[in-house]
Amino acid sequence: FEPVEIIENITDVLCFGEATGAIDIDIVNGTAPYQIDWSNNGVGMDQNNIVADDYELIIIDQNNCMLMDTLTIVQPDSAIGLEVLSETIVTCFGGSDGGISVLANGGTPGYTYLWETGDTAPSIENFSAGDYLLTITDDQNCVSVNTIELHQNDPIIFEATVENSTCNGYDDGQIIIENITGGVGDYTVFAPQIDSINRTLFSNLSPATYSIIVVDRLGCSGTFTGGTTEPAPIWINIRNPEDSLMILLGTPVDLETDYNIPTASFSWTPDRWLDCIDCDSPVALPTESTPYRVTMTDEAGCFAQDSIWIDVNKERTIAIPNTFTPNFDGHNDVFTLLGNNPAVVRVAVFQVFDRWGGKLFEAKDFQLNDPDYGWDGTAKGKQIEAGTYVYFAQIEYVDNKILEQKGSILLIR
């Protein structure tokens, strides 16, 4: 019997890992019919869409003649791969000066490159950070699609703490820069509106908007823009249409005030002749011309002031009659000291004498206009005859001065 013989036609796998191989056989000797067995459990003489491998074939003809053979489908040694030769990371976050250079390997040499950007070189330049698709095609038109990440330096991040002005009109605001990260170290911090000095504390700031710039050693920067503010002004006004006030000695002055905050402390200077020095509206009884100033302080230590000049007129006049008629008709029956001068505290002594110096009457420690302390024209219970008599008085004033008054009084009957 003739031995079984075959003619094989093998199609190798062109792209690594694909199932595109094929084996076609023709039996040229032996006696049909044939029993054909493949190691991959394939059926028939042709095997299509198979992967690279060794395939064992057994054919037995009608005469039990047997052929055993191993047929091999090969493929490239490896899939198409790539090596990133270099990466130029983007210098500053959000910039576009990055680049990537790659080299393909595996598959069948003879590569072409196509980036999603349309570039066809193995390198790209001046791109921003992100993922880029690269399609590599080898000499057998096998394709590998790759995602390549282009990196960048981290953004410069920092904390800016703003401390506003404590009081309206104060230039004591602050901006503090701290916890700087990102970029590439060796940071410089400055505020162009202020100066170019490298520092992280910007103090004595007036209310305004400022830009603080942090620059790393590569020239990359991060910017904070923010402002310091000030509280609303506080005010206090002494209720007087003018900045000065003239009063008679002994006249009390109500220093009433208006102000615009709910909680405050008060201090008055000087502290003389006031019924309180830490209230909002004291009563003043100055005996000298005096400038009063009130200082109002809020809970933050901010203060407002107002002042008033009180000019004291030290007029010390009182009314002393020169005639009286003690005839008990209810009119001018008593000789006493009169007047409405607010400077008078009291009449310390009031005396009446005859022409020879004999004391006819004396009263002490009383107020002006009090008839109960006046002379009724009697002495020792007897009426004094008409005539001219001499009086002497000591008047005490609110400034602790005691002045004497002397003169004569005509008694008419």
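Is Cys167 buried or exposed, and what is its relative accessible area? Cys167 is buried, with a value of 3%; buried means under 20% relative accessible area, exposed over 50%, and partly exposed in between (1.4 Å probe, protein chains only).

The model is predicted: local features need pLDDT of at least 70, side-chain atom pairs count only at pLDDT 80 or more, and totals for chains, interfaces and linings use all residues. Residues are numbered from 1 along each chain as its sequence is written, and side-chain values use heavy atoms, with hydrogens and water left out.

**Exercise 1.** Find the partner of Cys167 and describe the link.

Solution.
- Step 1: a disulfide is a pair of cysteine sulfur atoms within 2.5 Å. The sulfur atoms of Cys167 and Cys302 are 1.9 Å apart, and the two form a disulfide.
- Step 2: the angle about the S-S bond is -95°, a left-handed link.
- Step 3: Cys302 is buried at 4% relative accessibility.

**Exercise 2.** Place Cys92 and Cys220 in the chain and compare their accessibility.

Solution.
- Step 1: Cys92 and Cys220 are joined by a disulfide, S to S 1.9 Å.
- Step 2: Cys92 is in the loop between β7 (81–88) and β8 (98–105), and Cys220 in the loop between β17 (208–215) and β18 (221–228), 128 residues apart. Strands are DSSP runs (E, at least two residues), numbered from the N terminus.
- Step 3: Cys92 is partly exposed at 24%, whereas Cys220 is buried at 6%.

**Exercise 3.** Count the disulfides and give the pairing.

Solution.
- Step 1: the count is 4 disulfides.
- Step 2: with the bonded cysteines numbered in sequence order, the pairing is 1-3, 2-5, 4-8, 6-7.

How values were computed. Helices (H or I, at least four residues) and strands (E, at least two) are DSSP runs, numbered from the N terminus.
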